[in-house]
Amino acid sequence: MPISIAGWPIICALPQPREFSMSLPKDDAAVLSARWTEGVLLKRDVFSTVERGRFRSNAGEVDAVLRRLDEVPWWSFLLARHLFAREKHALALAKGLQVGPELLWGGRRALVRGFVDGVALHLAKPHGDLAYFRSAKDVLRRLRRAGICHNDLAKEQNWLVGRDGRAYVTDFQLAACFKRRGRLYRVLAYEDLRHLLKHKRSYAPEALTPRERKVLAKKSFAASLWLATGKKVYRAITRGLFNFTDREGGGRRLVNDAPVIAELIRKNPAVRDTAIVAFADRRSGVGLYAFVEADQAALEGQLRNELTAAKGPKPPEHIQVVHALPRDPGGRPRTEILQLVAMNQLDLIEPMMKNEQDRAFLKDILEQRKNLRDRFNFEADLPTG
């Protein structure tokens, strides 16, 4: 189906149903083979594989997100299954609350949840958007009434800014559900609120009330104890034993390798600037995509040879030369847009277009983008002005 963005036609292959590995339980594999159409791989780590696609529900085919455990290594499987069970239970309890994705189907080692039409907080960057943070507090109120504490709202990627401007939350793997509002429930609910207020302080600090400032200044005893003890153990296990780092879903390569690669690329005199983002890759797990600002379109091969000869980190899976990087008012590359291009989630870019320079950037790169392994069937029309 053709996609038109800023009047620039892009052709995407239609997603196809597939047979699922029988490492999933037979019932799970049968349901997914019959009802799931794969699209874009969003994330793969030692706890699950997450992809976006289409699901044939009782009400018809809808956009959806699949989490499955069939490619989880044996040594992390028990923890992965525990996290999966927590998410499945919390999503079932939150059904109808309109605070996040709806649970569409849940099997023993796979589940399908609805797709929220929006982008993560760290990509949307809702500076000064007071309505968004009012709706975010309403999300927490609804979760509290249902007895659900999310427990992972410090991560900006777990907060979504919907196309309707409202707040939604996702990724309930650490959620705790309570039948009674005892002390532990109150402590965890308080921490959910405190983490929301930290994000509000980042994007709308002038709107913080005196009471909210008091909450920000006072961690619960449990949070202080966790920071002093449990978090160190958690980091030792996840980053050491599991080799797992989750900075905006980029893992160790984005944290450790990308800065080194960027410096090597900038040494080439033809390069004005570069920005490197991560994307989920079906082969390697996490791939790197380097956007290089330069005038020489044939520079890609030269850069790849230079990176290989430097014997440093593994070169990016994709290097794309562009005439200009999209930039924010401060002159910094808009990596939130680059991230979506790298992940082939072009339909989510529309609400993030701020000016004609951004549109010119898209026109420059969309036909030349490199990550075509994942295709998604959608139409997105960006107005030209």
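Mentor: Start with a cut-off. A salt bridge needs a side-chain nitrogen of Lys or Arg within 4 Å of a carboxyl oxygen of Asp or Glu. Keep in mind that this model is predicted.

Trainee: Why is the contact between Glu 212 and Lys 137 called a salt bridge?

Mentor: Their side chains meet at 3.2 Å, N to O. The cut-off is 4 Å, so the pair qualifies. In general, side chains of opposite charge can pair when their charged atoms come close.

Trainee: What makes this pair a link between distant parts of the chain?

Mentor: Glu 212 sits in helix H6 (residues 210–217). Lys 137 sits in helix H4 (residues 130–145). The two are 75 residues apart.

Trainee: Are the two partners buried or exposed?

Mentor: Take them one by one. Glu 212 has a relative accessible area of 7%. Buried means under 20%, so Glu 212 is buried. Lys 137 has 28%. That value lies between 20% and 50%, so Lys 137 is partly exposed.

Trainee: How do you know that Arg 266 and Glu 263 form a salt bridge?

Mentor: Their closest N and O atoms are 3.2 Å apart. The limit is 4 Å, so the pair counts.

Trainee: Where do Arg 266 and Glu 263 lie?

Mentor: Both are in helix H8 (residues 251–266). They are 3 residues apart, about one turn of the helix. An α-helix has 3.6 residues a turn, so residues three or four places apart point the same way.

Trainee: Why are Arg 266 and Glu 263 called partly exposed?

Mentor: Arg 266 has 35% relative accessibility. Glu 263 has 47%. The class runs from 20% to 50%, so both residues belong in it. Salt bridges with shared partners also join Glu 263 and Arg 266 to Arg 272, Asp 273, Glu 293, Asp 295 and Arg 327 in one network.

Trainee: What makes Lys 314 and Glu 317 a salt bridge?

Mentor: Their side chains meet at 3.1 Å, N to O. That is within 4 Å, so they qualify. Lys 314 has a relative accessible area of 48%, under the 50% that exposed residues exceed, so this residue is partly exposed. The structure holds 29 salt bridges.

Trainee: On to the strands. How do you know that S10 and S11 pair?

Mentor: Pairing takes at least two bridges. Strand S10 (residues 159–162) has 3 bridges to S11, so the two pair. They run antiparallel. Trp 159 stands opposite Val 169 in S11.

Trainee: Which strands make up that sheet, and what makes some of them edge strands?

Mentor: The sheet is open, in the order S8-S10-S11, and its pairing is antiparallel. Strand S8 (118–120) and strand S11 (167–169) each pair on one side only, which marks them as the edges. Neighbouring strands are turned by 35° against each other on average, direction ignored. Helix H4 lies across S10 and S11, at about 40° to S11.

Trainee: Why is the pairing in the sheet S13-S14-S15 called mixed, and how do S14 and S15 run?

Mentor: For S14 and S15 there is a direct count. 5 bridges join strand S14 (residues 285–293) to S15, and the two run parallel. Two bridges are enough, so this is a pair. In S15, the bridge partner of Phe 291 is Gln 320. The open sheet of 3 strands as a whole has mixed pairing. Its edge strands are S13 (273–281) and S15 (318–322). The twist averages 20° from one strand to the next.

Trainee: Which helices pack on this sheet?

Mentor: Helix H9 (residues 299–309) lies across S14 and S15, at about 135° to S15. Helix H10 (residues 335–342) touches S13 and S14, and its direction makes about 45° with that of S13.

Trainee: Last one. How do you know that the buried residues of helix H1 line one face?

Mentor: In H1 (residues 26–35), Asp 28, Ala 29, Leu 32 and Ser 33 are buried. Seen down the axis, the buried residues of H1 fall within an arc of 120°, so they line one face. Exposed Lys 26 and Asp 27 are on the face turned away from that buried side. The cover over the buried residues includes strands S3 (36–45), S5 (60–68), S6 (103–106) and S7 (110–114).

Notes. Residues numbered from 1 in each chain as written. Predicted model: local features only at pLDDT ≥ 70, side-chain atom pairs only at ≥ 80, totals over all residues. Heavy atoms only, no water. Helix = DSSP H or I, 4+ residues; strand = E, 2+ residues; numbered from the N terminus. Buried < 20%, exposed > 50% of the residue type's maximum accessible area, 1.4 Å probe, protein only. Axes fitted to C-alpha atoms, helices over the stretch in contact; angles between N-to-C directions. Contact = heavy atoms within 4.5 Å. Arc of directions from axis to C-beta.
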